Amino acid sequence: MSQPAAIVFDQASIAYGRVPALEQVHGTVRKGEIVALVGPNGAGKSTLIKALLGLVPVASGSITVLGRSPAQARRQIAYVPQADTLDPDFPVSVTQVVLMGRYRRIGWLRPPGRADRDAAAEALAAVGLAHRAADRFGTLSGGQRQRVLLARAIAAQPEALLLDEPFNGVDAVSQEALLATIRNLAAGGAAVVVSTHDLGLAQLTCDGICLLNRHQFGFGPPGDVLTPDLLRAAYGGAALELGDRGLIVARS
Amino acid sequence: MIDFLVTPFDRPYMTRALVEALLLGALCGAVGVYVLLRRLAFLTDAITHTVFPGVVVGFLVSGRSGIVPGALVCAVAAAALFTAIAATRRVNEDATLAVLLTAFFAVGVILVSRQRSYTADLTAFLFGHVLTIDTADIVVTAVVTVLAGLVLLGLGKELLLRAFDPEWARAAGYRITALDLVSNMLIALVVVASVQAVGTVLVIAMLVVPAAAARLLSERLGVIVALAVLVGMVGAWLGLATSYEASVGHDVRLAAGATIVLVLVAFYALVTLGQAARRLVRR
């Protein structure tokens with residue numbers, strides 16, 4: 001009954017030069033699954049996403065994406081960066097941004113064709129922003145920009161989707177739209193990995209949790225990983241004890 | 001008005017100057033938009049300064065016909081070097097560029113200062129001599145313009161992606177260093193093409209000012225490119241006509257290259273003022 005594996009971490013450790021950033025990540029993301037990367041700031045969530053994109057090398061162990069190395073699987077992976085890393089003054093329209101998701105399919109030296117424009121329009125409609133197609137990217141709200149970047153990833157028709165803190169500073173409407181779209185993609189068979197600070201959201205919406213802080217504290221169903229013991233271990237001083245009623249993560 | 005805009009260009013040397021200036025206006029306008037988007041004004045400035053000793057050596061070796069080959073060698077080397085520096089991502093890029101540009105420039109100045117006709121030639125290298133342009137110079141500029149057109153059309157979408165979201169481009173498997181090498185080489189070629197007409201110092205204005213003015217006037221990339229080309233060409237025409245009118249009609253000698261730049265800057269100032277006024281009215 002379980003879907004085939006899309007992403008396999010086998011005792012993977014990632015280092016920048018000789019400095020280890022993240023150690024001993026071990027687990028599987030299946031097709032159609034949404035897995036959240038959670039952990040405090042500096043835990044290595046972004047590092048793990050970069051490793052999945054083949055942008056930082058795996059120092060020991062291995063990461064396999066769709067049966068290949070991350071660098072070889074690039075055309076099947078789409079990445080959604082944080083919208084606020086992009087220049088809001090850049091003169092590029094929403095449609096132009098979404099079309100970027102098609103560039104690898106279009107290939108060198110050729111302009112986007114009819115099919116690419118249709119795919120971009122469809123992706124934009126999927127995130128509920130068809131009416132903003134002609135507007136400049138920077139004129140949209142932070143949440144809307146995040147949705148445009150998700151549309152760009154969808155336009156690439158990926159088999160694996162990686163999102164870096166997509167819910168940071170996003171309004172409720174956009175968060176709902178992002179979640180609905182991500183669920184649809186997973187229902188369509190895509191493997192989704194999303195890093196987030198929001199433990200509640202991760203628990204409610206994800207099939208699996210990978211709890212990190214420099215190394216892995218747990219990888220599995222939310223009920224198994226989001227336990228007081230593991231959270232206390234991963235968050236350390238950022239965890240606030242509530243007597244015998246449990247624990248909350250006060251800051252991350 | 002027609003007299004002012006057309007009559008000066010009856011003379012063959014003015015016709016050649018106009019053709020060269022219009023080509024450069026279009027070339028610099030289009031490439032300038034990419035310089036603006038990538039914030040490469042400083043890198044462009046560094047290339048213009050590193051080209052300077054090449055220009056001087058070329059001139060010393062084989063006179064005027066040596067200038068373009070000399071500039072070309074230096075520009076290509078500088079573009080490759082700067083791409084490599086950016087790719088290492090370890091050194092402080094700004095400081096390295098600053099050291100290189102001043103070092104190369106100083107070498108050029110020393111070479112020039114050893115010549116007898118020091119001042120006259122230095123001025124020509126730095127500020128160009130659009131009025132004594134010959135057909136061979138125009139051919140060089142035309143070839144670079146066609147090449148730039150082909151690169152911007154052929155690699156437009158990849159260069160756009162690289163400028164807008166380099167990390168995503170890298171994640172999608174694009175080689176950023178290769179793309180940067182292409183665009184740096186293109187900028188280097190534009191500098192080489194401009195050396196004879198406007199000199200190494202004023203090229204930067206031809207690249208940056210029309211694009212910056214166009215960006216103020218539009219939010220759409222296609223429109224910005226078209227406007228930058230138009231502004232570059234009209235500025236070149238008006239600048240040449242103004243310089244001629246002042247020199248011949250009123251006996252006030254205005255250097256042609258610098259006048260073109262001042263016309264462009266005046267246009268930029270007008271657009272800025274216009275926008276400020278519009279914001280005030282809206283309030």
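**Confidence**

pLDDT is the predictor's confidence in each residue, on a scale from 0 to 100. I looked this up before anything else, since the model is predicted. In chain A, the mean is lowest in strand S11 (residues 247-249) of chain A, at 68. The highest mean in chain A, 98, belongs to helix H2 (residues 94-99) of chain A. Averaged over chain A, pLDDT comes to 92, and 95% of the residues score at least 70.

I then took the corresponding values for chain B. Its average pLDDT is 91, with 98% of the residues at 70 or above. Among the elements of chain B, helix H6 (residues 118-127) of chain B has the lowest mean, 71. H8(B) has the highest, 97. For the complex, I noted an ipTM of 0.93 and a pTM of 0.93 from the predictor.

**Strand S7 of chain A**

I went to strand S7 (residues 191-195) of chain A and checked burial residue by residue. Five of its five residues are buried, so the strand is largely enclosed by the rest of the structure. I also sorted the residues by direction. Ala191(A), Val193(A) and Ser195(A) point one way from S7(A), while Val192(A) and Val194(A) point the other way. Both sets are buried. This fits what I would look for, because side chains in a regular strand alternate between the two faces of the sheet.

Next I listed the pairing partners of S7(A). Strand S3 (residues 34-38) of chain A pairs with S7(A) in the parallel sense, over four bridges. In that neighbourhood I found Val35(A) opposite Val193(A) of S7(A). Strand S6 (residues 160-164) of chain A also runs parallel to S7(A), joined to it by five bridges. Leu161(A) has Val192(A) in S7(A) as its bridge partner. I traced the connection from S6(A) to S7(A): the chain passes through helix H6 (residues 172-187) of chain A, and this β-α-β crossover is right-handed.

**Chain B overall**

I counted secondary structure in chain B and got twelve helices and zero strands. For its size, I compared the radius of gyration with the globule rule. A compact globule of 283 residues would have a value near 19 Å, and chain B has 19 Å, which agrees. The C-alpha trace of chain B spans about 60 × 60 × 30 Å along its principal axes. Of the 283 residues of chain B, 48% count as buried. I restricted the contacts in chain B to those with a separation of 6 or more; residues 24 or more positions apart account for 76% of them.

**Ile187(B)**

I picked Ile187(B), which lies in helix H10 (residues 176-217) of chain B. Is Ile187(B) buried or exposed? I found 27 other C-beta atoms within 10 Å, and the cut-off is 20 or more, so Ile187(B) is buried. Leaving out residues up to four places away in sequence, Ile187(B) touches Val31(B), Val35(B), Leu40(B), Thr44(B), Ile47(B) and Ala79(B). I also took one distance: Val271(B) is 84 residues from Ile187(B) in sequence, and their C-alpha atoms are 26 Å apart.

**Contact between the chains**

Last, I looked at where the chains meet. The contact takes 16 residues from chain A and 17 residues from chain B. On the chain B side, helix H8 (156-164), helix H9 (166-171) and helix H11 (221-249) of chain B each supply at least two residues. By class, the side of chain B that touches chain A has eight charged, seven nonpolar and two polar residues.

Definitions and conventions
Residues are numbered from 1 along each chain as its sequence is written. Chains are lettered from A and ligands numbered from 1 in the order in which they are written. This is a predicted model: local features need pLDDT of at least 70, side-chain atom pairs count only at pLDDT 80 or more; totals for chains, interfaces and linings use all residues. Two residues are in contact if their C-beta atoms, placed from the backbone, lie within 7 Å. Ala, Val, Leu, Ile, Met, Phe, Trp, Tyr, Cys and Pro count as nonpolar, Asp, Glu, Lys and Arg as charged, and the others, Gly among them, as polar. A residue is buried if 20 or more other C-beta atoms lie within 10 Å of its own, exposed if 12 or fewer, and partly exposed in between; C-beta atoms are placed from the backbone. Two strands pair if DSSP finds at least two bridges between them. A crossover is right-handed if, with the strands pointing away from the viewer, the path from the first strand over the helix to the second runs clockwise. The radius of gyration is taken over C-alpha atoms; the globule rule is 2.2 Å times the number of residues to the power 0.38.
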